[in-house]
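Got your viewer open? Follow the stops below in order, and select each group as you reach it.

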Amino acid sequence: MKTKVHAIAGVIGFLSILSFWTSTLFSEIFGTPEMIAFVKNMILWGMFVLIPAMAIAGASGMSMGAKRTDAPAAVAKKKRMPIIAANGLLILLPSAVFLESRAAAGIFDTWFYAIQVLELVAGAANLTMMGLNIRDGLKMTGRVESAPVRQAVGSNVPVIDARDNGPLVAKNVPALIDSDQQILQAKPVMALCRCGASKNKPYCDGSHNRVDFDSRRASERTRDDVKIYDGEHITVHYNRLICSHAGECSQRLKPVFDADRRPWIEPDNASPEDIIAVIDACPSGALRYSLPGEKPQHAASGSSSITVEKDGPYRVAGIQLSSARLAKGANPDMFVLCRCGASKNKPYCDGTHHDINWREEDR
Ligand code: SF4
Ligand code: FES
């Protein structure tokens with residue numbers, strides 16, 4: 001509801017300034033003094049629409065933006081809002097009053113045109129910033145697609161778009177399967193639940209709005225940091241932020257990967273081939289390896305699919321992720337995404353579903 005009010009108020013404000021701006025330019029280039037005075041009078045009356053619209057858009061935007069401190073689009077919008085408000089109250093409103101009084105008195109002197117130019121410049125600046133805010137708002141609500149998603153549309157490139165405070169929108173995904181390898185219905189475009197509250201899992205039913213889902217990382221999130229474990233013949237690179245902590249690595253090769261030991265990765269305790277085989281099996285892309293003199297490499301992701309784990313996350317392979325919160329060193333097309341809504345490291349699963357004993361039937 002707040003999102004809708006914010007969007008409507010923002011669009012009304014934008015259209016009001018646009019109409020003031022174009023009617024001013026038109027009347028002063030082509031119109032008579034009477035027409036200019038009429039337009040100036042209408043603009044003053046139009047302030048009764050513009051000011052409340054801007055106040056509502058600003059207040060609702062700030063209130064919603066307070067929850068969104070790590071999404072670049074939200075941060076940019078919040079920076080623009082005070083400038084738009086100051087521009088409106090300190091330049092546009094006094095200018096409109098001044099210009100209306102001069103035009104009504106038939107005085108079109110140097111002062112009139114100086115203030116008129118100032119008003120047009122300030123109006124153009126506000127139109128630009130408000131236009132950018134509308135674009136960013138559309139991006140945040142998923143109505144404008146991000147670049148990878150745009151590329152996917154019209155092509156067969158599979159992509160997942162992690163929507164801010166909303167679902168994962170998957171496009172061109174050839175296979176959606178459950179943990180028993182049963183094929184689930186996959187559409188060319190489908191919204192998958194990541195708040196954990198949908199009654200139609202794994203698909204989104206809009207419940208993220210009902211539960212006021214917050215897709216930010218938690219304050220106690222893991223640091224986005226790649227740690228390097230040097231060995232004589234192979235180096236292992238690990239970003240804990242991406243790890244889903246399912247423990248495949250330690251189950252397969254405990255001498256190298258042992259979470260109870262420090263350092264927890266000892267690359268000299270097995271052959272490079274055995275370590276590469278484990279990294280190839282890491283579902284999250286948290287692990288990479290490099291051989292002497294070479295760059296770090298990820299495991300090959302294989303064929304494109306999303307596996308919906310029972311009472312757990314989405315395991316994704318061969319599909320690009322589009323998100324405002326990609327981690328350092330993340331595998332571009334192999335990762336494990338939170339489905340329960342409780343991960344501290346969203347959009348990645350951090351194993352919290354296990355800690356809280358999340359059950360997909362619970363909600
Ligand atoms: S996600 Fe990768 S690094 Fe994390 S526990 Fe599983 S196998 Fe190990
Ligand atoms: S599914 Fe949410 S933390 Fe793993």
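Before we start, one term: two strands pair if DSSP finds at least two bridges between them. Keep in mind, too, that what you are looking at is a predicted model.

**Stop 1: the whole chain**

Show everything as a cartoon. You should be able to find nine helices and 12 strands. With 363 residues, the globule rule gives a radius of gyration of 21 Å, but this chain comes out at 27 Å, well over that, so it is more spread out than a compact globule. Turn the model around and picture a box of roughly 90 × 45 × 40 Å along the principal axes, which the C-alpha atoms fill.

Now colour residues 2-140 one way and 145-363 another: these are domain 1 and domain 2. The C-alpha centres of the two domains lie 44 Å apart. Across the chain, 37% of the 363 residues are buried. As for contacts between residues at least 6 apart in sequence, 59% of them join residues at least 24 apart.

**Stop 2: the five-stranded sheet**

Select strands 4, 3, 9, 10 and 12. In that order they form an open sheet, and the pairing is mixed. Which strands stand at the edges? Strand 4 (183-184) and strand 12 (334-337) do, each with a single partner strand, so one side of each is left without a neighbour in the sheet.

Let's walk across. Strand 3 (residues 176-178) pairs with strand 9 (residues 305-308) in the parallel sense, over three bridges. Pick Leu 176 and look across to strand 9, where its bridge partner is Ile 306. Ile 306 also stands opposite Val 316 in strand 10.

Strands 9 and 10 run antiparallel, joined by four bridges. They form a hairpin, with five residues between them. Carry on from strand 10 to strand 12, and you find antiparallel pairing over four bridges again. Here, the bridge partner of Arg 315 is Val 336 in strand 12.

While strand 10 (residues 314-317) is selected, switch on its side chains. Which residues point which way? Tyr 314 and Val 316 point one way, Arg 315 and Ala 317 point the other way, and all are buried.

**Stop 3: backbone oddities**

Most residues other than glycine have a negative phi, and most peptide bonds are trans. The next few picks go against that pattern.

- Asp 311, in the loop between strand 9 and strand 10, has a positive phi near 50 degrees. Why does Asp 311 count as partly exposed? It has 15 C-beta neighbours inside 10 Å, and the partly exposed class falls between 12 or fewer (exposed) and 20 or more (buried).
- Asp 212 sits in the loop between helix 6 and strand 6, and its phi is also positive, near 55 degrees. With 9 C-beta neighbours inside 10 Å, Asp 212 counts as exposed.
- Lys 201 and Pro 202 are linked by a cis peptide bond, with omega near 10 degrees. Look for Pro 202 in the loop between strand 5 (189-192) and helix 6.
- Arg 262 and Pro 263 are joined by a cis peptide bond too, with omega about -5 degrees. Pro 263 is in the loop between helix 7 (248-252) and helix 8 (272-281).

**Stop 4: two loop residues and their distant partners**

Pick Ala 218, in the loop between helix 6 (207-210) and strand 6. Ala 218 is partly exposed, with 14 other C-beta atoms within 10 Å. Now add Ser 343 and draw a distance line: the two are 125 residues apart in sequence, while their C-alpha atoms are 8.0 Å apart in space.

Next, select Glu 232, in the loop between strand 6 (226-230) and strand 7 (235-239). Buried or exposed? Glu 232 counts as exposed, with 9 C-beta neighbours inside 10 Å. Add Asp 268, which is 36 residues away along the chain; the C-alpha atoms of this pair are separated by 6.4 Å.

**Stop 5: around ligand 1**

Finish by centring the view on ligand 1. What residues are around it? You'll find Cys 243, Ser 244, His 245, Ala 246, Gly 247, Glu 248 and Cys 249, along with Cys 282, Pro 283, Ser 284, Ala 286 and Leu 287. Colour this shell by class and you get seven nonpolar, four polar and one charged residues.

Notes: Residues numbered from 1 in each chain as written. Chains lettered and ligands numbered in written order. Predicted model: local features only at pLDDT ≥ 70, side-chain atom pairs only at ≥ 80, totals over all residues. Helix = DSSP H or I, 4+ residues; strand = E, 2+ residues; numbered from the N terminus. Domains from an automatic or database assignment. Near = placed C-beta within 6 Å. Nonpolar A, V, L, I, M, F, W, Y, C, P; charged D, E, K, R; others polar. Rg over C-alpha atoms; globule rule 2.2 N^0.38 Å. Contact = placed C-beta atoms within 7 Å.
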